[in-house]
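Student: Could you take me through one part of this structure slowly? I'd like a close look at how the chains meet each other.

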4 protein chains.
Amino acid sequence: MPVTRPSLRLTHDGALKALGGALDKAEELGVPQNITIVDEGGNLLAFVRMDGAKLLSRETSLSKAVTAASHRQPSSRLNPADEVKLSLAAGQRLTNLEGGLPIVIDGHCIGAIGVGSGTGAQDVEVARAGLRAIGADDQIP
Amino acid sequence: MPVTRPSLRLTHDGALKALGGALDKAEELGVPQNITIVDEGGNLLAFVRMDGAKLLSRETSLSKAVTAASHRQPSSRLNPADEVKLSLAAGQRLTNLEGGLPIVIDGHCIGAIGVGSGTGAQDVEVARAGLRAIGADDQIP
Amino acid sequence: MPVTRPSLRLTHDGALKALGGALDKAEELGVPQNITIVDEGGNLLAFVRMDGAKLLSRETSLSKAVTAASHRQPSSRLNPADEVKLSLAAGQRLTNLEGGLPIVIDGHCIGAIGVGSGTGAQDVEVARAGLRAIGADDQIP
Amino acid sequence: MPVTRPSLRLTHDGALKALGGALDKAEELGVPQNITIVDEGGNLLAFVRMDGAKLLSRETSLSKAVTAASHRQPSSRLNPADEVKLSLAAGQRLTNLEGGLPIVIDGHCIGAIGVGSGTGAQDVEVARAGLRAIGADDQIP
């Protein structure tokens with residue numbers, strides 16, 4: 001068996017483009033947001049907090065992004081009956097809130113985007129605009 | 001687009017006046033309280049723990065104040081079905097307890113007051129007295 | 001004595017412009033960086049980690065930015081004999097590393113920029129480019 | 001041997017008077033400060049951050065106060081050769097910075113005051129004014 005496997009990584013240009021696409025959508029909707037981009041390891045790549053966004057939603061946007069990168073699926077796919085115990089066991093970063101989406105290109109999950117300060121539906125809409133800005137798969141799996 | 005926007009900040013005189021107004025009300029009610037004033041960024045500005053107040057309610061009063069400053073609304077406006085997952089995702093500072101109110105003057109949210117050690121209704125009553133002491137809007141939004 | 005004082009706040013447009021100016025300079029130098037913009041309260045406004053930047057320098061760039069916002073001066077102005085004890089006493093966010101600069105416009109300190117992953121001199125050069133991009137004072141005080 | 005021993009505790013009125021005395025002195029000096037009052041258990045009793053005080057000095061003022069309450073002596077009495085290892089071993093709250101003084105009345109140490117954002121000498125001068133405002137012993141032991 002080989003000791004390496006080929007992979008893709010999200011560049012900072014890609015991360016900033018995704019951030020910009022999400023930002024434009026949030027401005028179009030008139031909903032100030034916290035927008036977080038993480039890499040496949042859940043480490044912060046890019047971030048913006050818009051004027052008027054809720055301060056504590058910075059953390060929720062990060063939790064959503066880390067969850068989506070970790071599980072390679074939207075952040076709202078846990079069984080609600082398990083969400084609190086899973087979050088506690090996972091160090092509180094795991095969340096079942098809507099608004100975190102994996103960034104998948106050519107079949108590789110290369111990171112995630114998390115959005116927080118609007119309604120769940122607004123957060124998802126803004127996150128999807130971020131995916132489209134870099135040609136990532138926005139077919140929510 | 002401009003790189004700055006005009007704003008107001010709460011002075012330490014204002015913070016101490018709000019603290020004093022809340023303290024007077026708590027003494028009138030005979031309910032010892034923890035009273036926390038934060039600025040618009042959730043950073044501590046002024047605090048007092050009254051004789052006999054519950055020690056751990058220092059943290060709840062801070063959580064209430066930070067939540068109200070972050071969301072620019074009273075700290076008890078989350079959907080109860082979401083409050084635990086929101087708090088976990090936001091790093092545990094976010095709370096749905098009563099007793100945190102934003103400090104709004106001339107349309108600017110310049111901070112918040114959080115009160116903890118009494119009943120929810122007493123905490124809110126004391127927080128509102130803090131708002132009145134500095135002419136802040138006490139019409140709960 | 002008044003309960004409020006007039007102030008300025010850095011917009012997210014301003015924060016992203018400063019980030020972009022710093023990023024351009026880092027690319028020109030060929031030095032991948034972590035670039036952090038915080039507001040006057042030390043809360044994160046914008047961030048990027050460039051391809052190849054050191055992962056842990058995300059934290060140093062944040063510490064530099066928070067220190068510069070807190071003290072309203074470059075992050076490298078502590079007495080070296082005191083820097084470790086000051087950092088410990090201040091909860092480890094305070095640093096004496098080069099690369100954090102306050103963002104001052106019209107005499108208001110409205111935030112700070114922190115840069116980390118290069119040499120100290122490179123970090124400062126990149127931070128200064130961020131200041132220039134938004135017309136902030138880059139006369140290091 | 002008896003199972004209890006008589007003691008004194010600092011009231012919130014006393015804590016606010018000490019805070020006020022320190023605040024007046026800081027205003028007289030023209031030096032914005034963070035002023036922290038803790039009880040004999042190191043728990044926060046009262047606090048104010050003055051306009052323009054360094055944000056991170058909130059933590060140093062608390063560290064100074066907790067150190068003075070713990071050791072019942074000024075916060076700057078450690079052997080410099082030991083200060084870092086002592087701070088690390090004590091959970092980082094222990095500090096050798098100037099500006100923390102025990103509050104001693106009738107021979108009881110009932111708390112401490114910690115001041116941070118000025119020079120060490122200014123911090124001590126402001127802390128001593130706090131002691132005088134409540135008739136506490138300001139003979140630094």
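Tutor: Let's begin with chains A and C, keeping in mind that this is a predicted model. If you turn chain A by 180 degrees, with 0.1 Å of shift along the axis, chain A superposes on chain C with an RMSD of 0.2 Å. The two copies are therefore related as by a two-fold rotation axis. Want a landmark for that axis? Look for Phe47(A): of the residues of chain A, its C-alpha comes closest to the axis, at 2.5 Å.

Now for the contact itself. On the chain A side 19 residues take part, and they are in contact with 19 residues of chain C. Of the interface residues of chain A, 100% are also interface residues in chain C, so the copies meet through the same surface. Together, chain A and chain C bury about 1700 Å², and 53% of that is on carbon and sulfur atoms. Three residues are worth picking out here: His12(A), Leu44(A) and Arg49(A) supply 37% of the area that chain A buries against chain C, more than any other three residues.

What about charges and polar groups? The rule finds two salt bridges across the interface of chain A and chain C. One of them joins the side chains of Arg49(C) and Asp39(A), with 2.8 Å from N to O. There are also 13 residue pairs in polar contact across the interface of chain A and chain C, counting pairs with both residues at pLDDT 80 or more.

Which elements do the touching? On the side of chain A that touches chain C, the elements that give two or more residues are α1 (12-29) and β2 (44-49) of chain A. β2(A) gives the most, with six residues. Sort that side of chain A by class and you get eleven nonpolar, three polar and five charged residues.

The strands join up here too. β2(A) runs antiparallel to strand β3 of chain C (residues 44-49), and three bridges join the two strands. To see the pairing up close, find Val48(A), which stands opposite Ala46(C) in β3(C).

Now slide over to chains B and C. Of the five pairs of chains in contact, chains B and C share the most contacts. A rotation of 180 degrees, with 0.0 Å of shift along its axis, superposes chain C on chain B with an RMSD of 0.0 Å. For this axis, the residue of chain C to look for is Ser7(C), which comes closest, with its C-alpha at 2.4 Å.

This contact takes 20 residues from chain C and 20 residues from chain B. Here again 100% of the interface residues of chain C are also interface residues in chain B, so these copies meet through the same surface. Chain C and chain B bury about 1900 Å² between them, 53% of it on carbon and sulfur atoms. Within the area that chain C buries against chain B, Val3(C), Arg5(C) and Arg9(C) supply 34%, more than any other three residues.

How many salt bridges does the rule find between chain C and chain B? Zero. Polar contacts do turn up, though: eleven residue pairs between chain C and chain B, with both residues at pLDDT 80 or more. The elements giving two or more residues to the side of chain C that touches chain B are β1 (4-10) and α1 (12-29) of chain C. β1(C) gives the most to that side, with seven residues. By class, that side of chain C has nine nonpolar, six polar and five charged residues.

The strands tell a neat little story here. β1 of chain B (residues 4-10) and β1(C) pair in the antiparallel sense over seven bridges. Check Ser7(B) and you'll find that its bridge partner in β1(C) is Ser7(C). Ser7(C) is also the residue of chain C that comes closest to the rotation axis.

And what about a pair that doesn't meet? Chain A and chain D do not touch, and their nearest C-alpha atoms are 18 Å apart.

One last stop, this time inside chain A. Strands β3 (residues 100-105) and β4 (residues 108-116) of chain A pair in the antiparallel sense over six bridges, and Leu101(A) stands opposite Ile113(A) in β4(A). β3(A) and β4(A) form a hairpin with two residues between them, and in the turn Asp106(A) has a positive phi of about 50 degrees.

Definitions and conventions:
Residues numbered from 1 in each chain as written. Chains lettered and ligands numbered in written order. Predicted model: local features only at pLDDT ≥ 70, side-chain atom pairs only at ≥ 80, totals over all residues. Heavy atoms only, no water. Contact = heavy atoms within 4.5 Å. Buried area = accessible area lost by both parts, 1.4 Å probe. Salt bridge = Lys/Arg side-chain N within 4 Å of Asp/Glu carboxyl O. Polar contact = N/O pair within 3.5 Å; in protein donor to acceptor, adjacent residues only side chain to side chain. Helix = DSSP H or I, 4+ residues; strand = E, 2+ residues; numbered from the N terminus. Nonpolar A, V, L, I, M, F, W, Y, C, P; charged D, E, K, R; others polar. Pairing = 2+ DSSP bridges. Least-squares fit on C-alpha atoms with pLDDT ≥ 70 in both.
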